[in-house]
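User: I am new to this structure and should be grateful for a close look at its aromatic pairs. Please begin with the overall setting.

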Amino acid sequence: MAVGTAMLAGCSDGKESASPELPSSTCFGVFTPAELAPFVGTGDEVRVDSPGDLRLTAGRTKATCNIEVDGKPRLTASAERRPAGQEVTWGSEVEKHRPEVLPYAGNSKLWDSGAAVVLGCTGSAEAFDLTLFIDAVPDGLKQEERRPAFAALMQTFMESARQQAGCDT
């Protein structure tokens, strides 16, 4: 598991600290700093705790990326390989946010601080489902920008996760 920490000096002109500097490729090699900037907020120190990839197998069924800024959780992205057709319970924590379905994925949820999707995959040996989840603190986004931003971030996550996890469909 890769862990990275960057120390940055805050602005000295009396304004709040700037956005922390993220590695050029973050969370399983999926996201760029520009894609994550609206979700990490401001601060001096960023810590990324993530494996380098999403190559999930029957033996490695889950991968999680956590990003903290100044010791505070800012973003979590996770992927889990599950048996095909297994029922997913989104839970009251997601449902209380009045989620909607992503426009490009049927078995999905989108809310103001995250998104989740279940992808059906046909792997080389067997069919499986891939559950992707993003949860973040979108302080840098206006209310009306949040769901579109999470939808775009999840689309990037889905495209990379399909390839890395060996989804043929």
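Analyst:
**Aromatic pairs in their setting**

The chain comprises three helices and seven strands. The model is predicted. Along the sequence, these elements follow the pattern β-α-β-β-β-α-β-β-β-α. Of the 169 residues in the chain, 43% are buried. Among the contacts with a separation of 6 or more, 58% are made by residues 24 or more positions apart.

Against this background, the aromatic rings may be examined. Four aromatic pairs are found in the whole structure. One of them joins Phe31 and Phe157 in a tilted arrangement, with 5.6 Å centre to centre and 55° between the planes. Phe31 lies in the loop between strand S1 (2-7) and helix H1 (33-40), whereas Phe157 belongs to helix H3 (residues 143-165), so this pair ties together parts that are 126 residues apart in sequence. Phe31 and Phe157 are both buried.

A further tilted pair is formed by Phe39 and Phe150, whose centres are 4.8 Å apart and whose planes meet at 50°. This pair also links distant parts of the chain, since Phe39 is in helix H1 and Phe150 is in helix H3, 111 residues apart. Phe39 and Phe150 are likewise buried.

The ring pairs also build a cluster, in which Phe28, Phe31 and Phe157 are linked. Phe31 and Phe157 thus appear both as a tilted pair and as members of this cluster.

Another ring has a charged neighbour: Arg81 lies over the face of Phe128, at 3.9 Å from the ring centre.

Conventions
Residues are numbered from 1 along each chain as its sequence is written. This is a predicted model: local features need pLDDT of at least 70, side-chain atom pairs count only at pLDDT 80 or more; totals for chains, interfaces and linings use all residues. Side-chain values use heavy atoms; hydrogens and water are left out. Helices (H or I, at least four residues) and strands (E, at least two) are DSSP runs, numbered from the N terminus. Buried means under 20% relative accessible area, exposed over 50%, partly exposed in between (1.4 Å probe, protein chains only). Contact means heavy atoms within 4.5 Å. Rings of Phe, Tyr and Trp (its six-membered ring) pair if their centres lie within 6.5 Å; planes under 30 degrees apart count as stacked, over 60 as edge-to-face and the rest as tilted. A charge sits over a ring if NZ of Lys or CZ of Arg is within 6 Å of the ring centre and within 35 degrees of the ring normal.
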